[in-house]
Amino acid sequence: MTDPKTLWAAVSRAALNWKLLVPLAVALELFNRLSPASSSTLLTEVAILALFATSLNLLMSFGHMVSFGHAAYFGLGAYGFTLAVTRGGLAPEMALLVGPLAAALGGLVFGALCVRLTEIYFAMLTLACAQITYTVLFQWYDVTGGDTGITGFMIPRLGLSETGYASLVLGLVALALLALWMIVKSPLGLMIRAVGQDRARAEALGLAARRVQLVAFVIAAFFAGIAGTLYAVLHGSAFPDYAGLGLTLDGLIMVVLGGLNSFAGGIWGAVIYEMLSNFVPKFIHQWELVLGLLLLGICLAMPHGFAGLLARLGWRGGKGEK
Amino acid sequence: MILIQLVNGLMEGMTLFLIASGLTLIFGVTRIINFAHGSLFMLGAFVTYELVPLIGPGTLWGFFAAVLLAGLAVSLLGMLFEMLALRRIYGADGLMQLIVTVALVLILRDVVRMIWGPNSLSVPMPDRLMGALQIGDSYFPLFPIAVFLAGLVVVVAMIWVIYFTRAGILLRAGTDDRGMVALCGVNERLIFTAVFAAGAFLAGLAGGLAAPYGEVNHLLDTTVIVSAFIVCVIGGLGNLYGALAGALLVGLTKAIGVMYFPRLSMVLIFLIMALILIARSMGRQGGTAR
Amino acid sequence: MAPILSARHIRKSYGAFVALRDISLDIPHGERHALIGPNGAGKSTFIACLAGQLSGVEGQMLFKDENVAALPPAALARRGIGRTFQISRAFLQMTVLENLMAAHVIASGRWAALSRRIYGERIDRAHEMLVTVGLADRARDRVADLSLGDRKRLEFGMALVGEPELLLLDEPTAGMSIKERHGLMDMVAERLASEGRTLLFVEHDIDVVMKIAQRVTVMVRGAVLAVGTPEEIAANDEVQAVYLGGGH
């Protein structure tokens, strides 16, 4: 049993299935190469959102921290990148690094505050932090351009074709998802899960729960920042809405649609959500109405369905004791 | 100028309290955070917009009657939502309950957009409240004072209901211990529905009262819910007096902060909230005592 | 022998309700000490105080001559106070092995989080512990699928991973059959005795207390009624009247 490979399988029930993933990656790339440019852009957006949703899922499914303000770090990534180009005078290629770092820094500052609270208060405070970020981006005209955002500062997609940029993003997102997966399976991931499942138990074992939560929060912010940066590059622009409540809710909905408590939940959710949001409005104008009814239907049809971890633990809010 | 802002701040604080108290009441009894509470506020404003011209445009009684009716209409909707949706997921986990209320946010926003369109509307102020009250050399705008007083009436009524009526006793019992209510021989479901209806009524009322003093549009829901959350974080959920203090603090800070940092008054509120949180978590060690 | 734990004048109240009134208790190194008393006596509250779970506790708590009264749970655990909970609280959605590995990772300090090497280094010890607590064949099962007794065993194993000098067990045998109770507590006593660790446990089963404990403290309504060897306690009229004779 000392063989690390056996252990790998023992500690992590589901290991990465390379036989499945490699053909999937090849198929995606082939699709990207063979399909029209508009499909490549859609593919790029799906990949970016999948990364964003998965970074949120790290907090939700494993750390049991429901963030209601995750878009803030997407927005900070986009604006960190954009401002590094427009204000810092960096070449866009160099500025790519600034976005995720700005998001991580934001995650550190807000996270230090938010992890002081638990459960519903945590959710409320993350929401407040995100709205502050949004307000600053929206109202600080001199620096952020306010509600008109910042546009025209670079050639979108770093001058690559739609297809070329899609390949780049697919590669980067794949690497980022792999990194997130490694984190979940690392001892740190075990600590994050331990705090998420029973904070008091983890503390009684000697774990500084808040510190672990903060680390998780910063990691999630960093990866959301990568997604935000890639998105800003895709469109060559940054708008306050990137940090808005709308995107936060989209992320939450993706995780719920895709299924909580699984690493792939965020990825599936992003795919389903993007498909629906491109498809439904062709028939009905009221996309939010449809989405709301869909969510309502899912929650009512299987209130306990995919909530395993969250249902049994933590959010004892409900009527768990009944 | 500062005095005018003071009055405006009091008014905003009072509306915020009406919303936050509804949130807090609902949370206290059902353990559900109603993310759609801002949407109910918004709906109250829109219904008031419809009713004012019908009942008595420009008149004082017409306005308040419209607001009251709007509150009742929103309350009815909240009741329906509770009975059709929330009731079925009381046993589920908190996240699922939150998502259900988020679904209501999305639905209501599109419905409002369908009926009233995407542009901001304005509700006319009653003629009698247009002017200002002169005390010494200072002028106080009448409308915010009237809203504040109306809110105060609601607060007093609420305290009376909670502390001196049978319903209030049941409510407090339900907040402390859900088993108690069943022991008292009262249908628990009825209490949940009633509390949700009451909370929705307060939100609708607040929306109607505040409607003439700003723009009425489909973006109100999120701005309002965020402020209400901040109030709840400051005051503590399930704590009515905390909500009152928090609401007045946020309202006044917003109004007065606007004078000095016109664009960043929200940031100021955030800083205050951060300070309060840090002070509170330093006060208790460990932070996870349950 | 110098006490490993010395609680002095511990008081804790919830509003007007005084849960603990002036508790003083010395526990020598290596002793197995039982805490008994009727429901509501404050036993679990006292354990929670010792584990740093409660705020607003008055009094002094000396652990190895250091006042640790104001420290949070994690700091106490790192100083060598381990505990289990009255209601079993292993990590339900993890496997049994993952639970133990989580305990290992946590016990190894913060840098362990950065490298997966610890998995390889500690896996044998985790398996040994599973054998010790009798869960060797359940390693891959989720804790949620375990019986109550097995969860309690697992929790005990997790608490031992941190090699605590003082172990606090809050009703370790609650909800178990008589046979299971004695099995678990015999195993606990043997293991702790061989390693020279100190034990403070809350227990309702008097037979288990008499067999395992070297000294017993009886608590009633938030105060200490009597302290002594099991024989002394059994012979104490006051204790008989309040507790043992109370048909409990």
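Which residue in β10(C) does T217(C) stand opposite? In the predicted model described here, T217(C) of chain C faces V227(C) in β10(C). This pairing belongs to an open sheet of 6 strands in chain C, which is taken up before the helices of chain A and the contact between chains A and B.

The strands of the sheet follow the order β6-β7-β8-β3-β9-β10 (chain C), and their pairing is mixed. In general, strands of a sheet pair through backbone hydrogen bonds, in either a parallel or an antiparallel manner. At the margins of the sheet in chain C lie β6 (81-84) and β10 (223-228), the edge strands, each of which pairs on one side only. From one strand to the next, the twist averages 15°.

Both senses of pairing can be followed through individual strands. Strand β7 (residues 166-170) of chain C runs parallel to strand β8 (residues 198-202) of chain C, and 5 bridges join the two. Within this pair, L169(C) has F201(C) of β8(C) as its bridge partner. Helix α1 (residues 43-50) of chain C packs on the sheet, where it touches β3 (32-36), β6, β7, β8 and β9 (215-220) of chain C. The direction of this helix makes about 145° with that of β7(C).

A parallel pairing is also found between β3(C) and β9(C), over 4 bridges. Here L35(C) stands opposite T217(C) in β9(C). On β10(C), T217(C) has V227(C) opposite, so that T217(C) is placed between L35(C) and V227(C) in the pairing. The strands β9(C) and β10(C) run antiparallel and are joined by 5 bridges. Their hairpin has 2 residues between the strands, and R221(C) takes a positive phi near 45° in it.

Chain A has a secondary structure of 16 helices and 2 strands. Of its 322 residues, 57% count as buried. Among the contacts in chain A with a separation of 6 or more, 77% are accounted for by residues 24 or more positions apart.

One pair of helices in chain A was examined in detail. The axes of helix α4 (residues 71-86) and helix α6 (residues 98-114) of chain A come within 7 Å and cross at roughly 135°. The two helices, α4(A) and α6(A), are therefore oblique to each other. The crossing in which α4(A) passes α6(A) is right-handed. On the side of α4(A), the contact is made by A72(A), Y73(A), L76(A), G77(A), A78(A), G80(A), F81(A) and A84(A). The residues contributed by α6(A) include V98(A), P100(A), L101(A) and G106(A). By class, this contact comprises 11 nonpolar and 5 polar residues, with no charged residues.

Between chains, 40 residues of chain B are in contact with 41 residues of chain A. On the chain B side, the elements that give two or more residues are α4 (94-116), α9 (220-235) and α11 (265-283) of chain B. Of these, α4(B) gives the most, with 15 residues. The residues on this side of chain B divide into 27 nonpolar, 7 polar and 6 charged.

A single residue of chain B, P141(B), was also considered. P141(B) lies in strand β2 (residues 138-141) of chain B. It counts as partly exposed because it has 19 C-beta neighbours inside 10 Å, whereas 20 or more would be needed for a residue to be buried. Not counting residues up to four places away in sequence, P141(B) touches I4(B), V7(B) and A132(B). P141(B) and A92(B) are 49 residues apart in sequence, and their C-alpha atoms are 48 Å apart in space.

Technical notes
Residues are numbered from 1 along each chain as its sequence is written. Chains are lettered from A and ligands numbered from 1 in the order in which they are written. This is a predicted model: local features need pLDDT of at least 70, side-chain atom pairs count only at pLDDT 80 or more; totals for chains, interfaces and linings use all residues. Two residues are in contact if their C-beta atoms, placed from the backbone, lie within 7 Å. Ala, Val, Leu, Ile, Met, Phe, Trp, Tyr, Cys and Pro count as nonpolar, Asp, Glu, Lys and Arg as charged, and the others, Gly among them, as polar. Axes are lines fitted to C-alpha atoms, for helices over the stretch in contact, and angles run from 0 to 180 degrees between N-to-C directions. Angles under 35 degrees count as roughly parallel, over 145 as roughly antiparallel, 65 to 115 as roughly perpendicular and the rest as oblique. A crossing is left-handed if the near helix is turned anticlockwise from the far one by less than a right angle, and right-handed if clockwise. Two strands pair if DSSP finds at least two bridges between them. A residue is buried if 20 or more other C-beta atoms lie within 10 Å of its own, exposed if 12 or fewer, and partly exposed in between; C-beta atoms are placed from the backbone.
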